[in-house]
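I opened this model to look up a handful of local and global features, and I am keeping my notes in the order in which I looked.

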Amino acid sequence: MLHKNPVPGPKARALLARDAKVISPSYPRDYPFVMSHGRGSEVWDVDGFRYIDCAAGIAVCATGHSHPDIVRAIQQQAEKFIHISSDYYHEGMVRVAEKLNDIAPFAENSRTFLTNSGTEAIEAALKLARYYTGRPYLIGFYGGFHGRTYGSVSLTGSKPIQHRGFGPLLNGVVKVPYADPYRPCLDFSAHDDTDAVRDYGDACVDYIERVVFKYDVPADEVAAVLVEPVLGEGGYVVPAPNFLPRLRDLCDRHGIVLIVDEVQSGMGRSGKWWAVEHSHIEPDIVCSAKGIASGVPFGAMIAREHLMTWKPGAHGNTYGGNPLACAAALETMRLIETGYMDNARKVGEHMLSKLRHMQERHPCIGHVRGLGLMIGVELVKDKATREPAHDLMEAVLRGAFERGLLLLGCGASVVRFAPPLNIPTTLADEALAIFEDAVREAEERA
Ligand SMILES: Cc1ncc(COP(=O)(O)O)c(C=O)c1O
């Protein structure tokens, strides 16, 4: 049994009491971690307890906490100027867009619209897709999460609480099943008439074509399909292999814009710049945020050049392309490119393999999956029925927290591992030992 912290400690409790009086109660908070400071993949709370951070501020701190190169880049920029607004010009914006053009997951040149968050990048993509196609309808997925503003939340199909009391949502949105191979909700056969091998991805795209386009929405009135190449909040689900290629084909045949939401899965987290690259298809628009600037609020909507037909004044913002955020983003992308993306792939494979062994030892670990350092461990009441074990997941999160490990839940009962991309193997191993200890305790108490 590993050491347990008596958390929250007295200083943390005092801050929680003040927070409860003045902060909106709408924030979803898994457990009472009150941060003092951080370094790399380790953080300390206000009472001096140390934690390994496998949540990274919801997959944001790609380069770890307060990386000295990022701090230096922000400081140097702050001494020159902090803000000018995107109505003017500055080199940081251009350099970020040039870099994104280099790494965009399509051959065509790109143009970029810079934002302060993921949800704004999604809003920009939805608006551009409607503007470019002149079509009204948008297709999203059950399990998908895209943000909290009206457009992105309308395409979100994650939890009813995110919609309750906020209707009516955006018009023209249709949602369909995501190709979750562990929890398929559509029936499908493994072969078609020609005996070609099919997977659950085929079933989900066939559903759009044979049900949605037949009974509900004309295909030629659909502006965009918005999809996460790996589900984030929905459960760190890697879709069935045919899913994204079949979606690409569907969009090509019907003139639909394919938008990939890489807000959580992008920027090297999957071991490649973009998770969509694992499927060998080229999207039309990519939305990025979270890991792009190591924690400075920043996002980007990167579109194939020919889509950017909108005119001056059609879309803009005050803070997009903020100079501090641009400086942080450029340095973040340099660090990712020169080592951290490789580390994400290597440590990710190591963690996945250890978790798969752990799965054999524990009846509650139903499924282990992931790409790079985007790893989901689905907890179940029974491996045969796959019934989600939500309470057990909460007990594991809490047990890990008490032992000095920060984790987050997602989906119905999934524990996600999303540490900084530069986490060393030794810390990853320590994190896994703590996790297993928490799993063992939760199993004994269940
Ligand atoms: C896949 C995905 N898209 C969009 C968003 C929204 O990003 P933000 O919270 O920066 O608005 C999130 C946030 O968790 C996300 O995971």
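**Entry 1: helices 10 and 11.** I note at the outset that the model is predicted. I began with the pair formed by helix 10 and helix 11, whose crossing is right-handed. The axes of helix 10 (residues 390-402) and helix 11 (residues 425-445) come within 8 Å and cross at roughly 135 degrees, and the two helices are therefore oblique to each other. For the residues that meet, I listed Leu392, Ala395, Val396, Gly399 and Ala400 on the helix 10 side, and Ile434, Phe435, Ala438, Val439, Glu441, Ala442 and Arg445 on the helix 11 side. Sorted by class, this contact has nine nonpolar, one polar and two charged residues.

**Entry 2: helices 7 and 8.** I then turned to helix 7 (residues 200-215) and helix 8 (residues 243-254), whose axes come within 8 Å and cross at roughly 25 degrees. Angles under 35 degrees count as roughly parallel, so I recorded helix 7 and helix 8 as roughly parallel to each other. The crossing of helix 7 with helix 8 is right-handed. In this contact Gly201, Asp202, Cys204, Val205, Ile208 and Glu209 of helix 7 meet Phe243, Arg246, Leu247 and Leu250 of helix 8, and by class the residues divide into six nonpolar, one polar and three charged.

**Entry 3: the two domains.** The domain assignment gives domain 1 as 10-66 + 340-445 and domain 2 as 84-321, and I read a separation of 26 Å between their C-alpha centres. Which elements supply the side of domain 1 that touches domain 2? I found that 28 residues of domain 1 are in contact with 23 residues of domain 2, and that helix 2 (56-59), helix 9 (323-361), strand 11 (365-371), strand 12 (374-379) and strand 15 (414-417) each supply at least two residues of that side of domain 1. The largest share, five residues, comes from helix 9. By class, the side of domain 1 that touches domain 2 has 15 nonpolar, eight polar and five charged residues.

**Entry 4: Gly299.** I looked up Gly299, which sits in strand 10 (residues 299-304), and asked whether it is buried or exposed. Gly299 has 26 other C-beta atoms within 10 Å and is therefore buried. Leaving out residues up to four places away in sequence, I found Gly299 touching Thr115, Asn116, Ser117, Gly118, Glu120, Ala121, Ser288, Ala289 and Ile292. The C-alpha atoms of Gly299 and Gly321 are separated by 8.6 Å, with these positions 22 residues apart along the chain counted as their spacing.

**Entry 5: backbone exceptions.** Most residues other than glycine have a negative phi, and most peptide bonds are trans. I therefore noted the cis peptide bond that joins Val7 and Pro8, with omega about -5 degrees; Pro8 lies in the segment before helix 1 (10-22). The bond from Gly167 to Pro168 is also cis, with omega near 0 degrees, and Pro168 is in the loop between helix 6 (150-155) and strand 6 (173-177).

For positive phi I recorded His280, with a value near 60 degrees, in the loop between strand 8 (257-261) and strand 9 (285-288). I also recorded Lys290, with a phi of about 35 degrees, in the loop between strand 9 and strand 10. His280 is exposed, with 11 other C-beta atoms within 10 Å, whereas Lys290 is buried, with 28.

Conventions: Residues numbered from 1 in each chain as written. Predicted model: local features only at pLDDT ≥ 70, side-chain atom pairs only at ≥ 80, totals over all residues. Axes fitted to C-alpha atoms, helices over the stretch in contact; angles between N-to-C directions. Helix = DSSP H or I, 4+ residues; strand = E, 2+ residues; numbered from the N terminus. Parallel < 35°, antiparallel > 145°, perpendicular 65-115°, else oblique. Left-handed = near helix turned anticlockwise from the far one by under 90°. Contact = placed C-beta atoms within 7 Å. Nonpolar A, V, L, I, M, F, W, Y, C, P; charged D, E, K, R; others polar. Domains from an automatic or database assignment. Buried ≥ 20, exposed ≤ 12 C-beta atoms within 10 Å, placed from the backbone.
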